[in-house]
Structures are given as C-alpha cells and as structure tokens.
Amino acid sequence: CHPVERWRSISPPVAHARAVLTASTDANGNAVFTVKAGDFLLEKAVDSSGNFTLRLTQGKDIVSIVSNSAGYLVSHGKRTARFDPRVAGQTEARDAVRAVLLGSPAVRSFRRLSVVLENRDEGDDESPLMLSALVDGAIVQMLDGDPGAVPRIAKRVVRTQRARLRAVRFRAADTLKDCVGMYERSLLEAWNQAVQCMEWASGVFWYFEDWAQGFCYWEWIARSQQYIYQFISCMAWPF
C-alpha cells in the first residue's frame, strides 16, 4: 500500500467501537481501504481487476497478503508462502501459508477485531466500509486455517441487504450516484453466483470437493474486491 500521506480522502472516516475505517484513492488509481484500531493498522490497495495487496501492521510485526490471478502470496518477516486456489491438492501449500502467519500479533489482533465486527447487532452500521472490513476478515481467517470463515461471513454480509433490497426505479441521471446501492446489489449477486458454484462443487468426486468449494470461495473473494474498488471509485467520481 502507498504511504498514508499520499492518499486522497474521498469519504469521512467511519468509527465503530475500537476501529476507524477510511476509504480513498491513490495516485495510481487504486482504491485504498484502511482499518485502524489502537496500534493495529490494516491497509489495502485494490485495482480494477480485484487484485489486492493487504498489509497488516502492529508495532514491528508486518504481514503482507497479495492476491492476483496466480493466487495468494503471503509474507511475514523473512518467510513467504504461495497458495493457488485454482490447483487441486494444495494441502501442503495451505499449511505453509498458515505456518507463515503463525505467531503474528497483527493477525491475532485482526482476527479478534473481525470477531467483534462480525458479532455486531445487524441493526448497527452496515456501510460498505464495514462490509469490506468483514470480507477482509474472512480472507485472513481463511488463510489462517478457518475454511468456514468465507461462507459464514459472506452470508452475514448479504443477509441485511437481502432483507431490505427492493426494486427501485432510477432515472438515468441517478444511476451512477447510487454507489451504495450498486455495491450492495453487486455483493448479493456475487453470493448468488457463489451458491450456484457450491452446488456444482457438491457434485464433484468426493476427493476434489474441498478444492472445488475453495475455488468457489476464491471467486467470491475476487468479485467482492472488484466491487469495493467500484464503490470507492464511484464515491470519487466528480458528480
């Protein structure tokens, strides 16, 4: 991620309990998202394709997670590991990623914060920034050995939107202005596609079922990152 002083703020910070969330764009056109809670800091830069770099920092402890079409590259100190969800039989690669994350204070802090955010009353703030923080929590928890985190949080993310989503008539001039609505509808559609993918995964040969489900989750994560990029870019559009 780029240094904080280079970011151009496009929305006011959103505070929740111990965390402050901000969104901005950088000089390269990436969407930038941050979560700060005490001495913990999450910084994420996302491009238009949904590729992202996620950086977790607490004191001198720094963890970097890079996601692109080749999968994940995880770094902690001098240790690195790769994991490609497209390839079956990645048990050793998954274990290697978890080993890299093992013992990281930054990862532990973010996992604790993610639990707090996930367990909020659903009547509380469900802003796009809060939803993005939940998705990032799912990514870190999944890489840290919790395969159930992605479907659990994906359902949590769309539950409120599914309940309140209604057909709305827009004038052409209003369409681009509905940044939040567009983001929510996109997340809901991404989950619908993930459900279809998991139905396919449940029918593959049992030996490949875990891989197939993991591939579905990876696709959902990639779409969710594209949509937070679109939301932040939409908010930056000079209406």
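K155 lies in helix α4, which covers residues 149-164. With a relative accessibility of 45%, K155 counts as partly exposed, because that class runs between the 20% limit for buried and the 50% limit for exposed. K155 and L188 are 33 residues apart along the chain, and their C-alpha atoms are separated by 9.3 Å. These values, like those that follow, come from a predicted model.

A second partly exposed residue is Q230, with a relative accessible area of 33%. Q230 has its place in helix α6. Between Q230 and D47 there are 183 positions of separation along the chain, while the C-alpha atoms of the two are separated by 9.4 Å.

The chain as a whole can now be set around these two residues. Its secondary structure comes to six helices and nine strands. The chain has 239 residues, of which 50% count as buried. Among contacts with a separation of 6 or more, 52% are between residues 24 or more positions apart.

The buried part is taken up next. In soluble globular proteins, nonpolar side chains tend to be buried together. Here the largest nonpolar core has 67 residues, and those with the most contacts inside it are L56, I65, Y72, L143 and W220. Helix α6, residues 209-236, gives the largest share of this core, 13 residues. For W220, the contacts beyond four places in sequence are with V135, V150, A154, A190, W191 and A194.

Aromatic rings give another view of the interior. How many aromatic pairs does a search of the whole structure find? The search finds four. One of them joins F40 and F110, which are stacked, with 5.6 Å from centre to centre and 10° between the planes. F40 belongs to strand β5 (residues 40-46) and F110 to helix α2 (residues 105-118), so this pair ties together parts that are 70 residues apart in sequence. F40 and F110 are both buried.

Y72 and F83 form another pair. Their ring centres are 6.1 Å apart and their planes stand at 15°, so this pair is stacked, since planes under 30 degrees apart fall in that class. Y72 is in strand β8 (residues 71-76) and F83 in strand β9 (residues 79-83), and the two residues are 11 apart. Y72 has a relative accessible area of 2% and is buried. F83 is also buried, at 4% relative accessibility.

Several other residues show how these elements meet. S67 is found in strand β7, residues 61-68. Its relative accessible area is 7%, so S67 is buried. Leaving out residues up to four places away in sequence, S67 touches N51, F52, Y72 and W218. Y72 is thus a contact of S67 as well as a partner in the ring pair with F83.

T57 plays a comparable part in this account for F40. T57 is found in strand β6, residues 52-58. Is T57 buried or exposed? At 16% relative accessibility, T57 counts as buried, because the limit for that class is 20%. Apart from residues up to four places away in sequence, T57 touches D39, F40, L41, E43, I62 and A106.

G137 leads to the other ring of that pair. G137 lies in helix α3 and, at 1% relative accessibility, counts as buried. Beyond four places in sequence, G137 is in contact with F110, S114 and I153. The C-alpha atoms of G137 and R111 are separated by 6.6 Å, with their positions 26 residues apart along the chain.

The last topic is empty space. Rolling a probe the size of a water molecule over the atoms shows where such space is left. The largest pocket has a volume of about 660 Å³. Its lining is made of 28 residues, with T91, R94, P147, D210 and W211 nearest the centre. Which helices each supply at least two residues of this lining? They include α1 (91-101), α3 (128-143) and α6. Helix α6 gives the most, with seven residues. By type, the lining divides into 16 nonpolar, six polar and six charged residues. Helix α6 therefore appears in both settings, because it gives the largest share of the largest nonpolar core and also the most residues to the lining of the largest pocket.

Note on methods. Residues are numbered from 1 along each chain as its sequence is written. This is a predicted model: local features need pLDDT of at least 70, side-chain atom pairs count only at pLDDT 80 or more; totals for chains, interfaces and linings use all residues. Side-chain values use heavy atoms; hydrogens and water are left out. A nonpolar core is a set of buried Ala, Val, Leu, Ile, Met, Phe, Trp, Tyr and Cys residues joined through side-chain atoms within 4.5 Å. Buried means under 20% relative accessible area, exposed over 50%, partly exposed in between (1.4 Å probe, protein chains only). Helices (H or I, at least four residues) and strands (E, at least two) are DSSP runs, numbered from the N terminus. Contact means heavy atoms within 4.5 Å. Rings of Phe, Tyr and Trp (its six-membered ring) pair if their centres lie within 6.5 Å; planes under 30 degrees apart count as stacked, over 60 as edge-to-face and the rest as tilted. On a 1 Å grid over the protein atoms alone, a cavity is a set of points where a 1.4 Å probe fits but cannot get out, and a pocket is an open set with protein on both sides within 12 Å along at least five of seven lines; lining residues have an atom within 4 Å of a point. Grid points are joined across faces, edges and corners, and a volume is the space filled by probe spheres set on the points. Ala, Val, Leu, Ile, Met, Phe, Trp, Tyr, Cys and Pro count as nonpolar, Asp, Glu, Lys and Arg as charged, and the others, Gly among them, as polar.
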